[in-house]
Amino acid sequence: MKILISCLSFRNYTGSELYFFELSNALHDAGHSVSIFSPFVDNPLRDQTKHITFPNKDEILKEQYDLVLFSHGQVTWEYLKDVKTSKLINIIHSEVIDLEEPVNNSKIDSYVGIRPSIVNFIKSKLPAANVKLIYNPFDFTRFNTQSCKKKKSIKDKVVLFPGSLDYLRYKPLKYLLDLSEKQNFKVMHVGRSDYSTVHPNFATIEPTWNVEKYYKQCDIVSGIFLGRTSIEGLLCGKKVLQFDVDSKGSIKKVYWHTEDNLDKFNKKTVSEQIINIV
């Protein structure tokens with residue numbers, strides 16, 4: 001199949017961008033011809049991407065696709081509404097970010113939510129829509145219990161808090177730092193930081209492709225929602241402390257997250273489920 005993927009940005013090691021990185025690679029490995037259109041394509045993520053083409057806004061209008069997969073429809077739909085394709089699928093990554101509002105248009109054949117709460121969100125907006133639950137794709141060769149065992153040389157108890165430190169994660173981080181004073185552990189953040197944080201139990205590391213090496217240094221992984229970091233933690237055999245937050249970043253719930261079936265996150269499984277919609 002000739003497949004076009006579209007998202008707002010394809011340049012950083014963050015949630016939705018890594019989603020499409022893993023999905024595009026899995027689709028290519030399955031024998032499909034895959035292109036990615038984004039208004040913002042840049043390194044470092046583009047340098048990691050092999051065998052994928054990056055057409056511009058004019059080139060995508062000249063092609064005939066079998067399938068178009070897109071997110072961030074409040075922006076990308078303007079580029080895609082006249083693209084020629086047999087099938088259109090709108091993939092939604094969040095129920096609390098306005099940019100992720102599902103596009104209501106008769107050209108769209110199906111919608112995908114990456115966690116159950118998002119499926120419910122889409123159905124509340126579009127009751128008659130065809131909505132599927134298909135989870136985040138992950139590379140199981142990178143994230144697994146054998147590759148990410150904690151180093152014996154690290155004696156401190158460490159909570160890893162990966163992800164962009166934005167308004168959605170600021171209060172969960174503060175919660176962890178307050179708890180660290182009572183329970184004597186370190187908090188290690190890996191990712192972009194929108195806030196300056198100074199605390200004796202806190203360290204922050206710039207975004208990196210080789211995030212696995214930090215999973216080798218921690219006992220617990222913490223994140224928000226059912227996001228990439230939570231699943232990476234489970235795949236690496238770590239306990240996962242998860243925060244559910246509202247659209248303003250206020251904490252709604254804190255709990256230990258578990259999953260019965262991790263194979264639903266395998267990028268090969270996810271790509272097959274996407275194709276099966278068609």
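**A walk through two sheets and a pocket**

Let's start with one residue: Asn266 is buried, because its relative accessible area is 17% and the cut-off for buried is under 20%. Keep in mind that this is a predicted model. Asn266 sits in the loop that links strand S14 (251-257) to helix H8 (267-277). What does Asn266 touch, once neighbours within four places in sequence are left aside? The contacts are with Phe138 and Phe140.

S14 is a good way into the sheet it belongs to. Six strands line up there as S11-S10-S9-S12-S13-S14, in an open sheet with mixed pairing. At the edges you'll find strand S11 (202-205) and S14, each of which pairs on one side only. Going from neighbour to neighbour in this sheet, the strands are turned by 20 degrees against each other on average, direction ignored.

Now follow the pairings across. Strand S9 (residues 158-162) runs parallel to S12, with two bridges between them, and Leu160 has Val221 of S12 as its bridge partner. Val221 also looks the other way along the sheet: its bridge partner in S13 is Val240. S12 and S13 are joined by five bridges and run parallel. From Val240 you can step on once more, as this residue stands opposite His257 in S14. So where does the antiparallel pairing come in? It's between S13 and S14, which six bridges join. These two strands make a hairpin with five residues between them, and Gly249 in the turn has a positive phi of about 90 degrees. S13 itself is mostly covered, with five of its seven residues buried.

Two helices deserve a look against this sheet. Helix H5 (residues 170-183) packs on the sheet and touches S9, strand S10 (186-190), S11, S12, strand S13 (239-245) and S14. The direction of H5 makes about 130 degrees with that of S13. H7 lies across S9, S12, S13 and S14, and runs at about 160 degrees to S12.

On to the other sheet. Here six strands form an open sheet in the order S3-S1-S5-S6-S7-S8, and the pairing is parallel. Strand S3 (33-37) and strand S8 (131-133) each have a single partner strand, so one side of each is left without a neighbour in the sheet. The twist averages 25 degrees from one strand to the next.

S6 is a handy guide to this sheet. On one pairing, strand S5 (residues 64-70) and strand S6 (residues 84-92) run parallel over six bridges. Two positions let you check the register: Leu67 has Lys87 of S6 as its bridge partner, and Phe70 stands opposite Asn90 in S6. How do S5 and S6 connect with helix H3 (residues 73-80), in a right-handed or left-handed unit? Together S5, H3 and S6 make a right-handed β-α-β unit. S6 also pairs in the parallel sense with strand S7 (residues 110-113), over four bridges, and Ile92 stands opposite Gly113 in S7. Helix H4 (residues 116-125) packs on this sheet, where it touches S6, S7 and S8. The direction of H4 makes about 175 degrees with that of S8.

With the sheets in place, turn to the empty space. The largest pocket holds about 1,200 Å³. Its lining takes in 45 residues, and the closest to the pocket's centre are Thr14, Gly15, Ser16, Ser164 and Arg169. Helix H1 (15-29), strand S12 (220-224) and helix H7 (228-235) are the elements that give two or more residues to the lining. H1 provides the largest share of the lining, six residues. S12 and H7 should be familiar by now: H7 lies across S12 among other strands.

One last stop is Thr208, in the loop between S11 and helix H6 (212-215). Is Thr208 buried or partly exposed? It counts as partly exposed, because its relative accessibility is 22% and buried means under 20%. Beyond its neighbours within four places in sequence, Thr208 is in contact with Tyr13, Val190 and Tyr214. As for Tyr19, it lies 189 residues from Thr208 along the chain, and the C-alpha atoms of the two are separated by 16 Å.

Key
Residues are numbered from 1 along each chain as its sequence is written. This is a predicted model: local features need pLDDT of at least 70, side-chain atom pairs count only at pLDDT 80 or more; totals for chains, interfaces and linings use all residues. Side-chain values use heavy atoms; hydrogens and water are left out. Two strands pair if DSSP finds at least two bridges between them. A crossover is right-handed if, with the strands pointing away from the viewer, the path from the first strand over the helix to the second runs clockwise. Axes are lines fitted to C-alpha atoms, for helices over the stretch in contact, and angles run from 0 to 180 degrees between N-to-C directions. Contact means heavy atoms within 4.5 Å. Buried means under 20% relative accessible area, exposed over 50%, partly exposed in between (1.4 Å probe, protein chains only). On a 1 Å grid over the protein atoms alone, a cavity is a set of points where a 1.4 Å probe fits but cannot get out, and a pocket is an open set with protein on both sides within 12 Å along at least five of seven lines; lining residues have an atom within 4 Å of a point. Grid points are joined across faces, edges and corners, and a volume is the space filled by probe spheres set on the points.
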